[in-house]
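Colleague: I am new to this structure. Please pick one strand, look at it closely, and show me what surrounds it.

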Amino acid sequence: MKNLFAFFCLIACTFAALGQEKQQDSTKTEKLDEVLVKAVRVDAKSPITHTNVTKKEIAKRNLGQDIPILLNYLPSVVTTSDAGAGVGYTGIRVRGVSSQSTNVTINGIPYNDAESLGTFWVNLGDFASSVESLQLQRGVGTSTNGSGAFGASINVLTDAVSKESTGEISNSFGSFNTRKHTVKFSTGLMKDHFEIAGRLSNITSDGYVDRASTDLKSYFLQGSYVDDNTLIKAVMFGGSEVTYQSWFGIDAETLANDRTFNPAGQYTDDDGNIQFYDREVDDYMQDHYQLHWNQRYNSQWSTTIGLNYTYGRGFFEQFREDDDFDTYGFEELNVNGETVNTTDLVRRRWLDNDFYVFNASANYKDNNLDLIFGTSISHYDGDHFGEVIWAEFASQSDIRDRYYEGNGKKNDFSVFSKANYRLNDQIKLYGDLQVRNVNYETSGINSNLTEFIVDENYTFFNPKVGITYELNDRNDLYFSYARANREPSRDDFENNPTVEPEQLNDFEFGWRHRKGNFSFNANFYAMLYNEQLVLTGNIDNVGNPIRTNSGESYRLGLELEAVIPVTPKLTLQPNATISTNRNRETIIPFDGELVNLGATDIAFSPELIAANAIVFQPVQNLQVSLLSKFVGEQFMSNTEAELSRLDSFFVNDLNLTYTLKTKSIFDSIVLTGLVNNIFNEKYVSNGYYFTFDDDFSNPGTITTVEGAGFYPQATTNFLVGLTLNF
């Protein structure tokens with residue numbers, strides 16, 4: 001309640017400080033909203049490969065699944081879900097690059113976790129309901145705020161200011177007891193200048209996988225002031241999630257015989273019966289407070305300032321069977337004459353962090369030049385600690401004693417300047433220079449109960465240049481070169497203290513064609529890496545993917561996408577990516593010796609990704625879409641081990657939307673239906689692969705043993721929704 005009170009005070013003080021009211025121009029309001037993300041977005045003629053997604057497109061399938069799943073049918077995208085049904089922990093890979101290497105911003109504010117570099121949409125349940133638009137840039141893209149983009153960037157713009165008052169009640173239900181309940185409102189512009197809007201949501205699901213339940217609660221609230229030349233937004237959003245763990249995966253035999261089995265929380269009781277702990281969960285809360293001020297001074301100059309504070313806190317709770325006292329600093333006990341030095345217990349691994357951001361940019365624009373320059377400064381302070389909240393034999397410990405404790409601090413400072421210059425009627429030039437400095441320090445003990453000390457400072461120079469050549473009003477050719485550098489994550493340092501930052505030279509060459517409603521885009525990319533941090537296939541003891549430097553590597557690919565109006569009522573929207581993704585040399589320990597495997601495929605990088613949407617609109621208010629996705633086979637390791645192979649899969653979804661216009665209290669009633677995996681494909685989109693040395697079976701020899709885990713995705717399932725707009 002204190003946060004809510006402070007937020008409304010901020011709105012009131014902001015409004016009170018503003019000068020005389022001016023007549024509102026709704027078209028300028030929309031443009032001012034878009035300026036909030038102009039510094040990290042590109043336009044249609046830019047030599048940067050990108051796809052735009054609008055609120056209207058998101059709404060057609062927004063029935064509770066996370067944003068990565070809603071982006072599944074974009075070019076070069078592969079998505080996955082731990083629980084199997086798209087709710088809870090989900091992931092996205094673009095061009096084979098993990099989400100740790102995908103930069104995400106919300107209103108220009110970095111969203112990636114500063115230490116892990118990952119993006120956890122589960123902390124913002126139903127955030128898609130508050131998205132005005134988003135842009136997916138593939139490759140390095142334009143300079144952005146926060147950690148660099150090494151395969152893609154996703155920049156999100158939240159709800160624009162609404163001129164009219166609106167309300168929305170949305171409910172959806174589906175397989176695995178999945179439910180989404182959303183309430184939204186906007187006051188519209190009061191006195192032509194002020195708007196307050198908000199959303200409350202709750203999403204729950206049992207998950208396709210056993211016990212992989214999810215309970216997400218979230219909110220979004222904004223207060224805005226607008227006039228002809230000013231936009232001020234105070235935005236608060238966040239959520240809480242309680243998600244039963246399902247990152248353990250299952251082996252190949254279990255996958256064949258019991259594909260929904262979940263080993264998380266499994267233990268044996270005193271009578272020898274197998275039980276499952278009911279709180280093997282992530283329990284996390286995250287709140288974001290943003291203040292944005294965009295000011296237009298004249299037809300040429302404008303400025304934007306953004307402030308952000310993010311507060312995150314929560315834990316992973318876990319039942320442990322027969323753990324050693326030494327792990328927790330317990331002293332041996334004598335119980336009924338017997339020495340006790342192990343115990344069953346429940347522990348929590350905590351994160352408690354604060355994240356501060358200041359963004360500022362200025363924009364100069366005339367008929368030929370569009371110039372933006374600015375800065376981004378951020379500070380992260382995160383505590384990591386573990387507690388024992390229950391133990392069968394607690395020794396001398398007290399409840400919630402911390403058995404490890406550490407801290408991580410990260411400072412990120414960048415300055416950039418980017419320009420689009422129209423040389424003549426046919427040639428448009430693009431330039432983008434960024435200098436970024438990162439300082440990362442850690443102290444204390446990590447969750448592996450070892451001292452964890454990092455003190456690294458990096459300075460990166462990231463230049464980008466490009467050219468667009470307009471052959472005519474229907475055809476553009478473009479070429480761009482971009483250099484990117486990126487620091488390792490906390491997990492990278494934990495797994496390898498000598499880990500190196502990664503570098504990328506990205507070349508993009510494309511052709512865009514548009515004639516009426518028909519469009520066709522072709523893009524060739526060459527992404528040349530040095531010390532790329534590739535996924536090894538393995539995961540750590542809390543499910544985080546482990547990465548390693550791979551020396552020289554590359555990703556070469558051709559991306560094709562089109563919109564083909566077959567008839568006024570029938571449209572095809574195909575896309576395909578054909579690629580080769582290789583480590584130039586892979587050296588691994590095997591059976592006690594170093595083995596050079598030569599050039600190998602990069603893990604989780606299929607050579608073929610294709611999608612298509614067949615969109616049929618027999619009448620104005622009804623749309624039926626058949627959505628198809630093919631992902632070629634891929635390896636979960638960089639060794640091309642057969643056990644690490646994921647088979648190709650072809651999945652089809654059916655999406656229906658019907659809008660009923662009414663003259664009652666509702667403006668419209670929208671019925672939405674989604675049948676996922678209509679042909680009941682039993683497929684796996686993600687997993688892990690590991691090896692370890694066994695020197696016990698045959699004394700004097702070392703044998704490498706391998707294993708794999710798989711995350712099965714849901715068979716045929718459905719979601720239906722009803723939205724009342726008023």
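Modeller: Start with a term: two strands pair if DSSP finds at least two bridges between them. The strands themselves, of at least two residues (E), and the helices, of at least four (H or I), are DSSP runs numbered from the N terminus.

This is a predicted model, where local features need pLDDT of at least 70, side-chain atom pairs count only at pLDDT 80 or more, and totals for chains, interfaces and linings use all residues. Residues are numbered from 1 along each chain as its sequence is written, and side-chain values use heavy atoms, with hydrogens and water left out.

The part to look at is β7, residues 152–158. β7 belongs to an open sheet of five strands. The order is β1-β6-β7-β4-β5, and the pairing is mixed. At the edges stand β1 (50–54) and β5 (109–110), each paired on one side only.

Take the two neighbours of β7 in turn. β6 and β7 run antiparallel and are joined by seven bridges. Across them, L136 has I154 as its bridge partner, and Q135 stands opposite N155. On the β4 side the pairing with β7 is parallel, over five bridges. There, T105 has N155 as its bridge partner. N155 thus appears in both pairings, facing Q135 and T105.

Now the cover. Buried means under 20% relative accessible area, exposed over 50%, and partly exposed in between (1.4 Å probe, protein chains only). Seven of the seven residues of β7 are buried, so the strand is largely enclosed by the rest of the structure. In a regular strand the side chains alternate between the two faces of the sheet. In β7 both faces are covered. A152, I154, V156 and T158 lie on one side. S153, N155 and L157 lie on the other.

Two of these residues also lead into the largest nonpolar core. Such a core is a set of buried Ala, Val, Leu, Ile, Met, Phe, Trp, Tyr and Cys residues joined through side-chain atoms within 4.5 Å. The largest one has 25 residues, and I154 and V156 are among those with the most contacts inside it, along with L71 and F127. β7 gives two or more residues to this core. So do α4 (67–70), β3 (90–94), β4 (102–106), β6 (131–138) and β12 (230–244). Apart from this core lies another, of 10 residues, including A603, F604, A641 and L646.

F127 ties several of these pieces together in one list. Contact here means heavy atoms within 4.5 Å. Beyond its neighbours within four places in sequence, F127 is in contact with V156 and T158 of β7. The list also holds I67, I106, W121, R199, F220 and F237.

Follow F237 next. F237 is in β12, opposite F220. β12 is mostly covered, with 13 of its 15 residues buried. A hairpin of three residues joins β11 to β12. These two strands run antiparallel over 13 bridges, with β11 at residues 214–226. On β15 (residues 281–296), β12 has an antiparallel partner with 15 bridges. There, the bridge partner of F237 is H288.

In short, β7 pairs with β6 and β4, is buried at all seven residues, and gives I154 and V156 to the largest core.
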